[in-house]
Amino acid sequence: MLFSKQWFLFIAMAIVGLFSSTAAAEDAHSYARLDEVSTPHLELDLAIDFDRKQLRGFAEYTLQRHSNSNLLYLDSSQLTIDKAEIWQHDQWQPTKFSLGDVHPSLGQELIVDIGSTATKVRIHYHTATTASGLQWLTPAQTAGKKHPFMFSQSQPIHSRSWIPIQDTPALRLTYNARLTTPAGLLAVMSADNSLSDNRDGEYFFSMPQAIPPYLIAIAAGDLAIQAISDKVAVFAEQYIVDQAAWEFADTPAMIEATEAMYGPYRWDRYDLLILPPSFPFGGMENPRLSFITPTVVSGDRSLINLIAHELAHSWSGNLVTNASWRDLWINEGFTSYVENRIMEALFGTERAVMEQALGYQDLLANLELLEPNDTILNIDLGTRHPDDVFSQVPYVKGQLFLMYLEEQFGRETFDKFLRQYFDDFAFQSISTAQFKAYLQRELLAKHPQVVSMDKINEWIHQPGLPEDAPKPQSDAFAKVEQQMNRWLKGGALQTDSWTTHEWLHFINNLPLDISADNMARLDREFNLTSIQNSEIAHAWLKLSIIKKYEPARDRLRSYLLTIGRNKLVSPLYRELAKTPDNLKWARAVYEQAKPGYHPLTQTVNEALLYNKD
């Protein structure tokens with residue numbers, strides 16, 4: 001790019017702007033300055049290039065001006081910006097742009113000169129092969145072995161690695177997109193996906209509801225489609241599409257149950273994309289098309305609370321969104337609460353309470369690992385990467401907070417409050433301060449002397465759990481523990497009616513001094529080393545590491561090589577890293593598994609395995 005007197009003037013303007021604006025002070029993880037210029041609509045045009053592992057094209061934004069600023073501030077990470085243009089005087093005209101220094105968490109600030117009259121801006125760019133929000137799989141890494149696969153994971157701030165964007169959840173935007181792919185592949189997005197199997201390599205999408213940037217999602221691969229109802233379908237590789245459609249057949253009933261409690265589903269369709277095993281999360285609530293791990297396709301519908309969780313985000317998270325990643329509990333605590341209410345409505349109180357109890361156990365274990373300040377709901381992250389906020393705290397502590405409010409005010413009153421909350425803040429992003437003000441006005445003040453604001457502040461702003469926090473306990477688990485105690489003394493286990501939840505409670509609560517003979521006896525009687533339920537296998541393999549149960553070692557290797565879901569693999573690597581011999585073995589397995597892991601999985605587990613030196 002040529003430098004001129006005008007260019008140096010532009011740089012000076014940018015420097016002055018750095019000190020004269022609030023610079024999106026509410027979100028420390030974005031360079032966006034929404035109070036100056038925002039981008040309420042995106043037109044995206046991208047070619048998916050599997051040979052180069054690259055997205056290439058342009059992002060075009062409608063501009064909404066809130067000040068006299070001539071600059072647009074965007075977030076980017078590892079993007080190559082080829083050129084920028086602005087729409088003025090009825091034509092596209094080139095304009096200047098600059099990229100700031102690379103920040104380890106935030107990426108790079110992208111500043112575009114939009115002049116004083118432009119109504120749109122268009123940024124031409126391509127992504128890096130190492131984009132943190134994309135994973136590219138070779139044909140050999142897919143089940144079909146014939147075609148490649150790619151998918152995005154934008155939450156929390158990885159959209160900026162594949163789109164130059166104001167990457168803050170405080171922004172809400174609509175979008176249209178055109179994608180091109182090699183022949184034979186099907187492209188999908190968090191938008192209005194066609195159920196047609198037409199694979200001509202050109203696809204068009206529209207998302208008319210305003211969403212935060214982290215909910216923009218993309219995937220392409222050799223996908224089959226199986227309808228569950230007139231509003232729900234499964235997209236997946238052929239090997240698993242029928243299984244997944246059977247597994248998640250209760251999804252339409254979940255939608256109806258949630259609507260009855262919390263108001264209408266406002267996203268038209270609710271489809272599910274079953275991703276390859278390398279997907280780093282259980283699910284991602286991308287609107288209209290939740291991304292789902294195949295590890296919950298268990299064959300017995302025992303893990304479908306994950307579907308309830310992603311569906312619940314259609315109210316809590318996608319509809320009413322955290323304004324910054326400090327406020328993640330507003331997304332995940334509410335969603336964990338609504339998820340559990342869905343499971344109770346469809347499958348009864350006993351199952352719901354078992355899931356509450358398992359979550360509570362996970363939270364207590366997590367609290368032991370975290371620094372006290374990281375156990376605060378309204379966490380102060382500074383400029384640490386917001387990936388760090390994804391612990392059990394915003395999920396389960398947030399859920400317990402809402403359970404506490406339900407207990408204090410009564411379910412009928414609290415349900416009425418929640419339904420009104422979803423209506424009043426629909427398609428908005430809110431902060432913890434806004435929620436507290438709303439809670440005070442609409443619940444506390446209307447029912448005085450039930451819960452004080454001091455108690456609310458203890459829940460939201462203090463570490464750990466309040467003394468009077470709910471402590472979910474399951475009668476079914478109490479019976480499991482009675483059986484466990486008898487079995488440890490030589491008795492038999494009666495497990496024919498056990499659910500996955502009961503098996504998890506049993507394994508997770510076995511005494512750590514369990515004998516090698518009893519480990520072998522368990523395995524002999526119940527084939528736990530070869531069990532195909534990924535959650536039960538995880539619990540058993542973790543115990544096997546602790547107890548040095550070598551017959552499970554080959555299964556542990558294959559498990560780590562074939563599953564990339566962080567929840568399932570990182571606790572195993574963490575346990576292996578505790579002894580020198582296991583650490584050496586784990587590093588060797590990890591290096592073999594690494595090419596099939598998502599970048600996020602790589603980051604988490606390399607911190608566990610290579611920060612020991």
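**Cavities, a pocket and annotated binding sites**

The second largest cavity has a volume of about 30 Å³ in this predicted model. Its lining is made up of Asp374, Ile376, Leu377, Ile379, Val389, Ser391, Val393 and Pro394. By class, six of these lining residues are nonpolar, one is polar and one is charged. In total, two cavities of 30 Å³ or more were counted.

The largest cavity holds about 40 Å³ of space. Leu541, Ser544, Ile545, Lys548, Tyr549, Glu550, Ala552, Arg553 and Leu556 line this cavity. Two helices, helix 14 (534–546) and helix 15 (553–562), each contribute at least two lining residues. Helix 14 provides the largest share, three residues. The lining of the largest cavity comprises five nonpolar, one polar and three charged residues.

Helix 15 also takes part in an open site. The second largest pocket encloses about 430 Å³. It is lined by 16 residues, of which Pro294, Thr295, Gln532, Ser534 and Ile563 are the closest to the pocket centre. Helix 2 (238–247) and helix 15 each supply at least two residues of this lining. Helix 15 gives the most, with four residues. The pocket lining divides into seven nonpolar, eight polar and one charged residues.

The annotated sites were examined next. An unreviewed UniProt entry places a "binding site" feature at His309, His313 and Glu332. These positions are spread over 24 residues of sequence, yet they cluster in space, with a largest C-alpha distance of 9.0 Å.

His309 lies in helix 4 (residues 305–312). Its relative accessibility is 9%, so His309 counts as buried. Beyond its neighbours within four places in sequence, His309 contacts Glu332, Thr335, Ser336, Glu339 and Tyr395.

Glu332 is located in helix 5 (residues 328–347). This residue is buried because its relative accessibility is 1%. With residues up to four places away in sequence set aside, Glu332 touches Gln155, Glu285, His309, His313, Pro394 and Tyr395. Both histidines of the annotated site, His309 and His313, thus appear among the contacts of Glu332. The side chains of Glu332 and His313 form a polar contact at 3.1 Å. Pro394, another contact of Glu332, is also one of the residues lining the second largest cavity.

The unreviewed UniProt entry gives the annotation "binding site" to a further set of residues. The set consists of Gln153, Ser154, Gln155, Pro280, Phe281, Gly282, Gly283, Met284, Glu285, Arg565, Asn566 and Lys567. Two of its members, Gly282 and Glu285, are described here.

Gly282 sits in the loop between strand 17 (271–274) and strand 18 (283–284). Its relative accessibility of 11% means that Gly282 counts as buried, the cut-off being under 20%. Outside its neighbours within four places in sequence, Gly282 is in contact with Phe291, Ile292, Thr293, Leu306 and Arg565. Arg565 carries the annotation as well.

Glu285 is found in the loop between strand 18 and strand 19 (289–292). Glu285 has a relative accessible area of 2% and is therefore buried. Apart from neighbours within four places in sequence, Glu285 contacts Gln155, Tyr214, Leu215, Ser290, Glu310, His313, Asn318 and Glu332. These contacts link the two annotated sets: His313 and Glu332, both touched by Glu285, belong to the set with His309. Gln155, also in contact with Glu285, is annotated together with Glu285. Gln155 is in contact with Glu332 too.

Note on methods
Residues are numbered from 1 along each chain as its sequence is written. This is a predicted model: local features need pLDDT of at least 70, side-chain atom pairs count only at pLDDT 80 or more; totals for chains, interfaces and linings use all residues. Side-chain values use heavy atoms; hydrogens and water are left out. On a 1 Å grid over the protein atoms alone, a cavity is a set of points where a 1.4 Å probe fits but cannot get out, and a pocket is an open set with protein on both sides within 12 Å along at least five of seven lines; lining residues have an atom within 4 Å of a point. Grid points are joined across faces, edges and corners, and a volume is the space filled by probe spheres set on the points. Ala, Val, Leu, Ile, Met, Phe, Trp, Tyr, Cys and Pro count as nonpolar, Asp, Glu, Lys and Arg as charged, and the others, Gly among them, as polar. UniProt positions are given in the numbering used here, feature names are shortened, and annotations may be inferred rather than shown by experiment. Buried means under 20% relative accessible area, exposed over 50%, partly exposed in between (1.4 Å probe, protein chains only). Contact means heavy atoms within 4.5 Å. A polar contact is a pair of N or O atoms within 3.5 Å; within protein, one must be able to donate a hydrogen and the other to accept it, and residues adjacent in sequence count only if both atoms are side-chain atoms.
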